[in-house]
Amino acid sequence: MSGYEVEIISPEKKEELFQELVVKVKFERKANIHGACVKLLTDNPDFKEEWEDNFKFMNEDIRPHTKIFAINDGGDLHVMYEPISNTCIIKNCDYYGWIKSIALAAVSDFFEDYHSVHRRYSVHGSVVDYMGHAIAIIGPPGTGKTTLTYGLLQNNDFNYISDDWFFARLFDNAVVIYSSEKNSYIRDDIAEVWKDFAAEVNKVKLDVKGRGIADVNTLFGGRSRESSTLKTVVLLERDSNKPPFMKIDADAAVDFMVEKDFCNPHQLIRNDRKFELRKNFFREIFSKLDVYILNTIETPEESLNRIKNLATR
């Protein structure tokens with residue numbers, strides 16, 4: 001679970017809340033998230049600054065596809081979503097990580113219902129580029145996704161695309177993936193695992209959760225990419241009763257994703273229709289690629305070497 005519950009509200013309830021909350025808004029900023037315009041309305045100056053550092057700028061004259069209200073009224077945390085206008089209302093959240101994840105989830109919901117040959121899908125996972133081909137790392141929280149991603153990026157042959165969320169477009173003969181954010185919302189403990197990043201991570205302004213926005217071009221010496229062609233998917237789990245590494249077929253990979261709730265705690269809408277959309281997307285993507293399960297019961301270095309061996313095959 002994400003740590004918060006989502007209440008689905010009606011357009012009428014949204015309008016009622018809008019009239020109540022709009023007077024509290026001090027900052028409005030629009031972001032370009034993979035071509036979608038997302039508008040943040042907040043009274044929190046830290047959220048405004050982190051948002052600007054995190055996402056690409058969108059011109060003010062572009063109409064929003066989704067809106068994110070993040071307001072403090074002195075009460076408890078409350079997350080609401082009105083799916084017709086793709087509007088999120090978040091009360092009393094002190095953690096920017098949830099603000100940006102809910103924004104990405106709202107964009108994902110919009111893309112899932114955008115019927116076009118150019119339909120995009122979203123994946124809660126990381127992805128790096130190696131020699132023009134991408135490796136995606138997908139797993140439930142706590143299985144080592146971020147640790148392994150940054151471990152790979154110590155090597156100059158790997159390029160950063162995303163460490164948290166990416167978008168995918170399916171073609172007949174390829175899967176093209178795209179970054180979701182301009183910069184990385186990084187954990188400070190990454191520097192403890194991989195010492196190569198310590199100097200840059202120590203410069204990052206951290207929030208209440210020990211995280212902050214790091215400039216990926218500075219962090220990785222210009223080795224960042226906005227898109228790549230996906231070649232390999234590595235699914236992560238942590239189970240001492242299972243082997244450390246194995247290749248699996250598309251059916252087994254889909255079963256894994258279903259069992260793990262698509263490895264995404266930030267799904268705003270959970271119903272049968274959305275379940276089938278997500279299941280069918282992953283079935284199609286896994287049928288085109290090599291998929292492996294990496295059981296992160298070994299040391300980070302041992303797990304890392306298994307992924308490096310896939311990249312260099």
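These are short numbered notes on the predicted model of this protein.

1. **Overall dimensions.** The chain has 313 residues, and a compact globule of that length would have a radius of gyration near 20 Å. The protein has 19 Å, which agrees. Its C-alpha trace spans about 55 × 45 × 40 Å along the principal axes.

2. **Secondary structure and contacts.** The model holds ten helices and 18 strands. Take the contacts between residues at least 6 apart in sequence: 69% of them join residues at least 24 apart.

3. **Burial and surface.** Buried residues account for 55% of the 313. The accessible surface comes to about 14,100 Å². Carbon and sulfur atoms hold 46% of that surface.

4. **Charges.** There are 41 positive and 50 negative charges. The mean positions of the two sets are 3 Å apart.

5. **N183: a buried loop asparagine.** This residue sits in the loop between β13 (175-179) and β14 (184-187). N183 counts as buried because its relative accessibility is 10%, and the cut-off is under 20%. What does its side chain reach? One polar atom pairing is with the backbone oxygen of D53, at 3.0 Å. The backbone nitrogen of V216 also lies 3.0 Å from a polar atom of the N183 side chain. Beyond four places in sequence, N183 is in contact with D53, N54, Y160, I213, A214, D215 and V216. Both backbone partners, D53 and V216, appear in that list.

6. **Helix α2.** Helix α2 covers residues 45-54. Its buried residues are F47, K48, E50, W51 and N54. An α-helix has 3.6 residues a turn, so residues three or four places apart point the same way. At the start of α2, a side-chain oxygen of N44 comes to within 2.9 Å of the backbone nitrogen of D46. N54, one of the buried residues of α2, is also among the contacts of N183.

7. **K39: a buried lysine.** K39 belongs to strand β3 (residues 36-42). Is this lysine buried or exposed? It is buried, because its relative accessible area is 15% and the cut-off is under 20%. Its side chain makes a polar contact with the side chain of E28, at 3.1 Å. Leaving out residues up to four places away in sequence, K39 touches E28, R29, K30, P64, T66, K67 and I68. The acidic partner E28 is thus accompanied by K30 and K67 in the list of touching residues.

8. **Helix α1: K13 and E20.** K13 is placed in helix α1 (residues 11-21). K13 is partly exposed, with a relative accessibility of 32%. K13 and E82 are 69 residues apart along the chain, yet their C-alpha atoms are separated by 8.5 Å. E20 is found in helix α1 as well. E20 counts as partly exposed, at 38% relative accessibility. Not counting residues up to four places away in sequence, E20 touches D73 and K91.

9. **F166: a buried strand residue.** F166 lies in strand β12 (residues 166-170). At 1% relative accessibility, F166 counts as buried. Which residues surround F166? Leaving aside neighbours within four places, its contacts are Y121, S122, V123, G125, S126, V127, A136, I177, Y178 and S180. V123 is 43 residues away along the chain, and the C-alpha atoms of F166 and V123 are separated by 5.4 Å.

10. **D261 and F262: positive phi.** These residues deserve a look at the backbone. D261 has phi near 55°, a positive value in a residue other than glycine. F262 has phi near 60°, again positive in a residue other than glycine. D261 is found in the loop between α8 (250-259) and α9 (272-287). F262 lies in the loop between α8 and α9 too. What of their burial? D261 is partly exposed, with a relative accessible area of 31%. F262 is buried, with a relative accessible area of 6%.

Definitions and conventions: Residues are numbered from 1 along each chain as its sequence is written. This is a predicted model: local features need pLDDT of at least 70, side-chain atom pairs count only at pLDDT 80 or more; totals for chains, interfaces and linings use all residues. Side-chain values use heavy atoms; hydrogens and water are left out. Helices (H or I, at least four residues) and strands (E, at least two) are DSSP runs, numbered from the N terminus. Buried means under 20% relative accessible area, exposed over 50%, partly exposed in between (1.4 Å probe, protein chains only). A polar contact is a pair of N or O atoms within 3.5 Å; within protein, one must be able to donate a hydrogen and the other to accept it, and residues adjacent in sequence count only if both atoms are side-chain atoms. Contact means heavy atoms within 4.5 Å. The radius of gyration is taken over C-alpha atoms; the globule rule is 2.2 Å times the number of residues to the power 0.38. Accessible areas come from the Shrake-Rupley method with a 1.4 Å probe; for residues, only the protein chains shown count as cover. Lys and Arg count as positive and Asp and Glu as negative; His and the chain ends are not counted. The place of a charge is taken as NZ of Lys, CZ of Arg, CG of Asp or CD of Glu.
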